[in-house]
Amino acid sequence: GCCDEVSPFQSITAAMWWTVVTTTTTGYGDMVPTSPAGKVVGSITMLAGLVMLALPIGVVGSIFMTELEQLTEKKGQRKAEIEE
């Protein structure tokens, strides 16, 4: 039946470990959900982890490129002033 399945998550602490490992996209593979509902929750957790990492990285990268372009532009202006 539905309740005969043995869960690899033997405690709340073990389940929290799996959540942190999956969310941070480390994915050791030491525990995996075995029920269909668990696999759905696991998939959502993995996607949420990717989004939480990808969004800040994109924002920081964009800001970095903007600052780099401004710095390069200022260096070009200084070089032009020195040559005059």
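# A guided tour along two helices

Select helix α2 to begin: at 1.5 Å a residue, its 48 residues should span 70 Å, and its end C-alpha atoms are 70 Å apart, which agrees. The model on display is a predicted one.

**The whole chain**

Now display the entire protein chain, which holds 2 helices and 0 strands. Its radius of gyration is 24 Å, well over the 12 Å that the globule rule gives for 84 residues, so the chain is more spread out than a compact globule. Turn the C-alpha trace along its principal axes, where the spans are about 85 × 20 × 15 Å.

A surface view comes next. The protein chain exposes about 6,900 Å², and carbon and sulfur atoms supply 69% of that area. Of the 84 residues, 13% are buried. Colouring by charge brings up 5 positive and 9 negative side chains; the centres of the two sets lie 9 Å apart. If contacts with a separation of 6 or more are drawn, residues 24 or more positions apart account for 47% of them.

**Helix α1**

Select residues 12-23, which form α1. At 1.5 Å a residue, the 12 residues of α1 should span 16 Å, and the end C-alpha atoms of this helix are indeed 16 Å apart. Which residues of α1 are buried? They are A14, W18, V21, T22 and T23. Among what covers them is α2.

**Where α2 meets α1**

Return to α2, residues 36-83, and pick out its buried residues: G38, G42, T45 and G49. The cover over these residues includes α1. The relation therefore holds in both directions, since α2 is also part of what covers the buried residues of α1.

Centre the view on T45, a residue of α2. Is T45 buried or exposed? Its relative accessibility is 14%, and because buried means under 20%, T45 counts as buried. Leaving aside neighbours within four places in sequence, show what T45 touches: W18, T19, T22 and T23 are in contact with it. Of the residues just named, W18, T22 and T23 are also listed among the buried residues of α1.

**Stations along α2**

Three further residues serve as stops on this helix.

Select A37, which lies in α2. A37 has a relative accessible area of 54% and is exposed, whereas G38 is one of the buried residues of the helix. Draw a distance from A37 to E73, 36 residues apart along the chain: their C-alpha atoms are separated by 54 Å.

Move to S62, also placed in helix α2. With a relative accessible area of 44%, S62 is partly exposed. From S62, take the distance to A48, 14 residues away along the chain; the two C-alpha atoms are 21 Å apart.

The last stop is K79, again within α2. Here the relative accessible area is 55%, and K79 is exposed. How far apart are the C-alpha atoms of K79 and G38? These residues are 41 positions apart along the chain, and their C-alpha atoms are separated by 61 Å.

**A final view**

To close, show both helices together with T45 highlighted. The buried T45 is in contact with residues including W18 and T22, and both of those are buried in α1. Beyond this meeting point, S62 is partly exposed and K79 is exposed.

Terms used:
Residues numbered from 1 in each chain as written. Predicted model: local features only at pLDDT ≥ 70, side-chain atom pairs only at ≥ 80, totals over all residues. Heavy atoms only, no water. Helix = DSSP H or I, 4+ residues; strand = E, 2+ residues; numbered from the N terminus. Rg over C-alpha atoms; globule rule 2.2 N^0.38 Å. Buried < 20%, exposed > 50% of the residue type's maximum accessible area, 1.4 Å probe, protein only. Contact = heavy atoms within 4.5 Å. Areas by Shrake-Rupley, 256 points an atom, 1.4 Å probe, with all protein chains shown as cover. Lys, Arg positive; Asp, Glu negative; His and termini not counted. Charge placed at Lys NZ, Arg CZ, Asp CG, Glu CD. Expected span 1.5 Å × (residues − 1).
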